[in-house]
Amino acid sequence: MENIIVSFNVIAPVFFLMVLGYLLVNYTSLADRKLTKQANAIVFKIFLPCMLFYNVYQSDIGAEIHSRIKLCIWAAGGLLILFVLLCLIVPKVVKQENQQGVVIQGIFRSNYVIFGVAVVQNMYGAKSTTTAAILSAILVPMYNFLAVVVLSIFGEKRETDWKKIILDIVKNPLIISSVLGIIFSLLGIRLPTAVDTTVQDLAKLSTPIAFMILGGDLDFSKVRGNLKVASVVLTIKLVILPLIMIPMIVMMGYRDADLLSGLLAYQTPVAVSSYIMAQQAGADGQLAGQLVVFSSVLSIFTLFVTILILRTIGLLGI
């Protein structure tokens with residue numbers, strides 16, 4: 001019973017915030033989709049960068065990276081291997097060409113910055129999110145770059161300005177903040193107390209607002225059709241991949257917050273931006289939207305079950 005309560009307390013706040021956001025946008029006059037779009041930009045450019053920066057900045061990053069180097073290599077290498085396998089297999093299985101890139105992106109691309117760091121923080125506290133923040137700095141640019149690659153290959157609009165893509169990735173606020181956090185931590189640079197407090201307060205706003213916006217953006221009118229394809233994609237993403245990856249992380253010797261951080265790289269929902277990118281690439285935007293909606297809802301339950309099982313067998317402690 002204790003494991004059920006702990007697992008529920010980790011996932012329930014995420015679910016409640018998403019429901020609150022959905023209700024505010026769809027059933028009140030307090031918010032609408034225009035507001036969520038504007039708020040999303042603020043979260044992406046201010047709140048989340050502050051969170052990632054502070055989580056790394058307040059840690060001993062040198063020791064943290066050294067003790068987790070295998071996990072970082074595994075995360076980056078695993079993502080690349082998964083990407084290559086998907087590019088080879090999916091086109092042979094999915095016959096509708098404008099769905100191929102969407103399916104590949106839906107399986108490998110996760111909303112890790114929001115879900116990954118938040119779930120680890122809910123379970124272990126802010127000081128234990130360093131691993132998730134480090135993995136964010138590695139995985140976020142890889143997600144973005146690989147998504148552009150796959151949609152360029154399998155989308156209708158195949159002409160791509162690679163210099164612009166690389167520049168956009170380098171200018172990504174989440175990447176910049178993570179790198180700055182690493183630099184400040186390694187060099188021992190300390191922020192003035194007033195600035196430190198301000199950054200910390202902004203960081204605390206990131207999780208609740210991000211999940212409320214995600215809930216407000218959910219559009220269940222887009223879930224019609226493509227149920228067979230979507231169910232297969234989400235079964236692979238939310239069930240099969242974690243079953244493959246968890247034993248690997250455990251065999252490397254990682255437990256608790258490190259294990260959870262690595263797991264969440266593969267069991268978090270499809271990134272919301274994947275829907276926008278699929279539309280821009282001339283791929284099946286409707287399927288991409290369905291994957292975002294379904295994965296955001298279903299991940300609440302799959303994460304609860306996963307955390308419950310891992311706690312029951314002693315791999316996730318408090």
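**Briefing: buried residues, one salt bridge and a nonpolar surface patch**

At 18% relative accessibility, C87 falls under the 20% limit and therefore counts as buried. This is a predicted model, and in it a search of the whole structure returns 0 disulfides. The structure does hold 1 salt bridge, and the points below take up the cysteines, that ion pair, the nonpolar core, T207 and a patch on the surface.

**Cysteines**
- C72, with a relative accessible area of 10%, is buried, and C87 is likewise classed as buried, at 18%.
- Neither C72 nor C87 takes part in a disulfide, since the search of the whole structure finds 0 of them.

**Salt bridge**
- R68 pairs with D258 in a salt bridge in which the closest N and O atoms are 2.7 Å apart.
- The pair links distant parts of the chain, 190 residues apart, with R68 placed in the loop between α3 (61–67) and α4 (69–93) and D258 placed in helix α12 (residues 256–267).
- R68 is buried, its relative accessible area being 14%, and D258 is also buried, with a value of 14%.

**Nonpolar core**
- The largest nonpolar core has 104 residues, and among these F108, F115 and L260 touch the most other members.
- Helix α7 (residues 130–154) gives the most to this core, contributing 15 residues.
- Leaving aside residues up to four places away in sequence, F115 touches V14, M18, F211, L214, L264, T268, P269, S299, I300 and L303.

**T207 in helix α10**
- T207 sits in helix α10, which spans residues 193–217, and T207 is buried, with a relative accessible area of 14%.
- When residues up to four places away in sequence are not counted, the contacts of T207 are with L17, M51 and A118.

**Nonpolar surface patch**
- A nonpolar patch on the surface is formed by I176, V179, L180, I183, L186, L187 and I189, which together have about 580 Å² of accessible area.
- I189, one of the patch residues, lies in the loop between α9 (173–187) and α10.
- I189 counts as partly exposed because its relative accessibility of 33% lies between the 20% and 50% limits.

How values were computed: Residues are numbered from 1 along each chain as its sequence is written. This is a predicted model: local features need pLDDT of at least 70, side-chain atom pairs count only at pLDDT 80 or more; totals for chains, interfaces and linings use all residues. Side-chain values use heavy atoms; hydrogens and water are left out. Helices (H or I, at least four residues) and strands (E, at least two) are DSSP runs, numbered from the N terminus. Buried means under 20% relative accessible area, exposed over 50%, partly exposed in between (1.4 Å probe, protein chains only). Contact means heavy atoms within 4.5 Å. A nonpolar core is a set of buried Ala, Val, Leu, Ile, Met, Phe, Trp, Tyr and Cys residues joined through side-chain atoms within 4.5 Å. A disulfide is a pair of cysteine sulfur atoms within 2.5 Å. A salt bridge is a side-chain nitrogen of Lys or Arg within 4 Å of a carboxyl oxygen of Asp or Glu. Patches are made of residues with over 30% relative accessible area and no salt bridge: like charges are joined within 9 Å, nonpolar side chains (Val, Leu, Ile, Met, Phe, Trp, Tyr) within 5 Å. Accessible areas come from the Shrake-Rupley method with a 1.4 Å probe; for residues, only the protein chains shown count as cover.
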